[in-house]
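Reader: I would like a close look at a single part of this model, followed outward into its surroundings. Please take me through it slowly and in connected prose.

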Amino acid sequence: MKLLIVEDEQGLRESIEEYFAEAGNVCETASTYAEALSKVSMYRYDCILLDITIPGGNGIDLLKNIKQQEYNDGILIISAKNSLDDRLEGLDLGADDYLVKPFHLSELRARVSAIIRRKSFNGSNILLFHEIAIDLMAKSIKVKDQPVKLTRKEYALLLYFVANKGKVVSKNAIAEHLWGDGIDMANNFDFIYSHIKNLRKKLLEAGSNDYIHAAYGMGYKFTDQ
Amino acid sequence: MKLLSKYNRVTLLSTIVIMLFTGIIYYVAIKLILIEDIDKDLAVEENEIFEYVKVNHALPQVFESEYQQIIFQEAKPGSVKREFVDTLYRNIPYSHHGRHHRHEEFESGRGLISVVTAGNKTYRVLIVKSTVETEDLLKIIFGITAGVILLLLLVLLISNRLLLNRLWQPFHNLLKELRSFKLSDAGAIALSETNIDEFKELNQAVVAMASRVKSDYTDLKTFTENASHELLTPIAVINSKLDTLLQTENFSPQQSKLLNDLYSAVSRLTRLNQSLILLVKIENRLVEGHQPVNLKAEIEDIAMQFEEIFNDKQIALKTDLSDKHLETNLYLVEILLNNLFSNAIRHNYQGGIVNIILRENELVIENSGDADALQPEKVFKRFNKSTNSEGSGLGLTISKQICENLGFDLSYFFNNGLHTFKVSF
């Protein structure tokens, strides 16, 4: 996939670039409004990660510009302003999603993947990962063409893993993805473990390979290697 | 003491004293003048007697008149001294037929004792005139004066009351405005027009003070908001760097532990920061919008969302929910419910209970926890939290503020060993 990261904060920009950098991905970056505008007017991207506050202009203006040209790039707004108005304005103007800083890179990646899937599958809503087929519309999965019944959270978890395949995803990120802000009340993340254990068991029982690996007690890695 | 009473006391007292003093001077002066007048009449009468005696060498016939009596008495020469005296006047009322009545009346009178020599005899002459009319006159004058004093006092009292109340109206208005003054309200102080300089000055001073305080407060809030926003970027960088660091693999157990601690600290920092931003936003009433909210469904949603966390702590959740539909801000209601749920779980112990009761006019969330009641007046204060709490210390402040914004009432009480938060719609 081809991404444009419009973000003026160097540290964040580099982290995002690095996280998305892998075979088959092209990541371009822009740190100012002018730079972003020139790239947007020359190239098309699968997804543009757009910071609202950038030097020399406003991400919302850039978004308007893109939509005016009727470009079909996916757009994910990244903003420090957790303002409902910004969010609504952004989505109204045609942004595909809105993510508030700070965020986990795995969350960002899950969102970007979702946008790109929506943009590129064109009616086909099946996401394939080896023998696992995820029906995004029906929110159901099949392993080797056999339906596997997952709970809502297990399904979300699997999707999250697939989007972040090959990456170590921290328990915090998983917990926040599945439980939102309420997660800080938990004593520990043991209950995450039980969800992961259940998901893994269901997949294995259906004949899937073992893709979920624990990583140093900090998180999990979904990988086919 | 009210200004009016104080003012009345002073003015009334001084008015009474001055009026009394004036009355006394009046009385004395008029009395002196009238007595002098009578004395002149008496002297004229004496003179007439002298004239008569000089011409006739005999005492004049004495006529009793209604206002004057003349009495001659023989006296030794030299024993009588001429003098004016206050005396009694023996009034013998006349009937219409000129006959004497039996009883006599004594009235106050003024007399002149004098000496006249008729023939070879010396007589003491006593001429007495009744001063009843004078007294009457004085009484009338005194009465009128007293009446005027009373009237004046009455007028003063009433006019003071009316006038002062009206004069002080701008002051009372201002006072009312000051009482209802809230820093977070956007509106300026509404002042009533006045043409009295003192109040004008007061009004101006108050308006200036209020706007200064408000601008300071706004600055402070803007600072909080900006600071929180500025913090977001570095936190975002830390977060992303941690996620990146995680990908480098091959961690020792010790490094894993360190990373885990970093993750949880950063996530606390994030939540704290977000809470601050949210609080500022709610306080500024920047969250708007109304939609129909099915409270029962919302609560069931959150209960489901938190299911694992309830299980994790082995907390027994008991719900008793009736249907409740509201026309309100869904976003804020979600935050409110989230906060109250989090609170009930966070301050609970392993194996505790949480009861949620939704009725037509209230939502009650009870939880087991510390055996001691919290201080109701402190519960909703910022950063007031139990020492071992992992929360931001802002959750209940935010909840309270949300309730205020939405027109609900949030209260805390300790009941049967359960900490209870009640939202009254």
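**A hairpin in chain B and its surroundings**

Author: In chain B, the strands β3(B) and β4(B) make up a hairpin in which two residues lie between them, and G119(B), found in the turn, has a positive phi of about 65°. The model is a predicted one, and what follows should be read with that in mind.

The two arms of this hairpin, β3(B) with residues 105-118 and β4(B), run antiparallel and are joined by ten bridges. One position along this pairing can be picked out by name: R110(B) has K129(B) as its bridge partner in β4(B). Strand β4(B) also pairs with β1(B), which covers residues 68-74, again in the antiparallel sense and here over seven bridges. On that side F72(B) can serve as the example, since its bridge partner in β4(B) is V125(B). Strand β4(B) therefore has pairings with both β1(B) and β3(B).

How buried is β4(B) itself, the strand that spans residues 121-130? Eight of its ten residues are buried, which means that β4(B) is largely enclosed by the rest of the structure. As background to reading any such strand, the side chains of a regular strand alternate between the two faces of the sheet.

The chain around this hairpin has ten helices and eleven strands. Of the 425 residues in chain B, 40% are buried. When contacts in chain B with a separation of 6 or more are considered, 69% of them come from residues 24 or more positions apart. The area that chain B exposes is about 25,400 Å², and carbon and sulfur atoms supply 57% of that area.

Aromatic rings offer another way of following the structure, which holds 13 aromatic pairs over all chains. One of these is formed by F310(B) and F341(B), an edge-to-face pair with 6.2 Å from centre to centre and 75° between the planes. This pair links distant parts of the chain, for F310(B) belongs to helix α7 (residues 307-312) of chain B and F341(B) to helix α8 (residues 330-346) of chain B, the two being 31 residues apart. Both F310(B) and F341(B) are buried. A tilted pair is formed by Y412(B) and F421(B), with 5.1 Å from centre to centre and 50° between the planes, and Y412(B) and F421(B) are likewise both buried. Chain B also has a lysine placed over a ring: K400(B) lies over the face of F380(B), at 4.7 Å from the ring centre.

Chain A can be set beside this. There, ring pairs link F129(A), F161(A), Y211(A) and F222(A) into a cluster, while K167(A) lies over the face of Y19(A), at 4.7 Å from the ring centre.

A last site in chain A is D73(A), which sits in the loop between α3 (59-68) and β6 (74-79) of that chain. With a relative accessible area of 1%, D73(A) falls under the 20% limit and therefore counts as buried. The side chain of D73(A) is joined to that of R44(A) by a polar contact of 2.9 Å, and a polar atom of the D73(A) side chain lies 3.1 Å from the backbone nitrogen of Y45(A). Leaving aside residues up to four places away in sequence, D73(A) touches a set of residues that includes R44(A) and Y45(A), and also Y43(A), D46(A), I48(A), K67(A), D96(A) and K119(A).

Definitions and conventions: Residues are numbered from 1 along each chain as its sequence is written. Chains are lettered from A and ligands numbered from 1 in the order in which they are written. This is a predicted model: local features need pLDDT of at least 70, side-chain atom pairs count only at pLDDT 80 or more; totals for chains, interfaces and linings use all residues. Side-chain values use heavy atoms; hydrogens and water are left out. Helices (H or I, at least four residues) and strands (E, at least two) are DSSP runs, numbered from the N terminus. Buried means under 20% relative accessible area, exposed over 50%, partly exposed in between (1.4 Å probe, protein chains only). A polar contact is a pair of N or O atoms within 3.5 Å; within protein, one must be able to donate a hydrogen and the other to accept it, and residues adjacent in sequence count only if both atoms are side-chain atoms. Contact means heavy atoms within 4.5 Å. Rings of Phe, Tyr and Trp (its six-membered ring) pair if their centres lie within 6.5 Å; planes under 30 degrees apart count as stacked, over 60 as edge-to-face and the rest as tilted. A charge sits over a ring if NZ of Lys or CZ of Arg is within 6 Å of the ring centre and within 35 degrees of the ring normal. Two strands pair if DSSP finds at least two bridges between them. Accessible areas come from the Shrake-Rupley method with a 1.4 Å probe; for residues, only the protein chains shown count as cover.
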